Amino acid sequence: MNTTAKSEATFATILDAAYAMAAQEGIGKVSLGELSKRTGISKSGVFSRVGSLEALQDAVLDEYDRRFAEEVFTPSLQAPRGLPRLILQVELWLKKIGNETARGGCLYTAGAFEFDDVPGPLRDRIEAGVTRWRASLRKTVLQAMEAGQLRPDTEPEQLVFEVYSLAIGVMHDARFLRTDAVPRRAQRAFNRLISTYKSFNDLE
């Protein structure tokens, strides 16, 4: 293995360990010292690969973004615009964050609580990610309204708020209570929620 490939492999090892640590304990708990212990790489070696803790936290969120796009956003684009896409977006998202066995949750949702009153670049990055996803959901809601699939009096911001509130409840029960029934309950709750917004023309 050449030097470049070895360096990339070392960084990948560090990133995987940092991602797992952030998912289990919160991104604010990631530390270069702990990563050194977990990976068997010297602290100076970890530092030389990542540059700084802030850069590593950014890399972890970049990796979360990549996985989120792969597991949630990109597959949802295969569904027709409007309500079918919104339903798939939310179903895939709730499935991802409700998978307690993966101990993954949502780094942005968890980070929003972890850094809600901690000003700084990391809070700004987390807020930007939350805002971006909410804007994507809102856009899909508007498309569903334009297609006549949701009631014309639907308030997009309200619906997005309610979906987000459901997601927070899913994370709570999956990660804190470790309830096995979370995926089923989340699906039932969303089905009930979205049924109140469907237009009469779109009701089955």
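Here are three short exercises on a predicted model of a protein, each with a worked solution.

**Exercise 1. The overall architecture**

Work out which kinds of secondary structure the protein has, and what box its C-alpha atoms fill.

Solution. Start by counting elements: there are nine helices and zero strands. Next, read them in order from the N terminus, which gives α-α-α-α-α-α-α-α-α. Finally, lay the C-alpha atoms along the principal axes, and they fill a box of roughly 65 × 35 × 35 Å.

**Exercise 2. Burial, contacts and surface**

Find what share of the residues is buried, and describe the contacts and the surface of the protein.

Solution. Take burial to begin with: of the 204 residues, 41% are buried. Then turn to contacts with a separation of 6 or more; 66% of these join residues 24 or more positions apart. Now look at the outside, where about 11,200 Å² is exposed and carbon and sulfur atoms supply 54% of that area. To finish, consider charge: the protein carries 27 positive and 27 negative side chains, with the centres of the two sets 4 Å apart.

**Exercise 3. A look at Ser 136**

Locate Ser 136 in its helix, decide whether Ser 136 is buried or exposed, and name its contacts beyond four places in sequence.

Solution. Begin with the address: Ser 136 sits in helix α7, which spans residues 121-146. Its relative accessible area is 18%. Buried means under 20%, so Ser 136 counts as buried. With neighbours within four places in sequence set aside, Ser 136 touches Phe 73 and Gln 89. As a last step, compare sequence with space: Leu 86 is 50 residues from Ser 136 along the chain, while their C-alpha atoms lie 9.5 Å apart.

How values were computed
Residues are numbered from 1 along each chain as its sequence is written. This is a predicted model: local features need pLDDT of at least 70, side-chain atom pairs count only at pLDDT 80 or more; totals for chains, interfaces and linings use all residues. Side-chain values use heavy atoms; hydrogens and water are left out. Helices (H or I, at least four residues) and strands (E, at least two) are DSSP runs, numbered from the N terminus. Buried means under 20% relative accessible area, exposed over 50%, partly exposed in between (1.4 Å probe, protein chains only). Contact means heavy atoms within 4.5 Å. Accessible areas come from the Shrake-Rupley method with a 1.4 Å probe; for residues, only the protein chains shown count as cover. Lys and Arg count as positive and Asp and Glu as negative; His and the chain ends are not counted. The place of a charge is taken as NZ of Lys, CZ of Arg, CG of Asp or CD of Glu.
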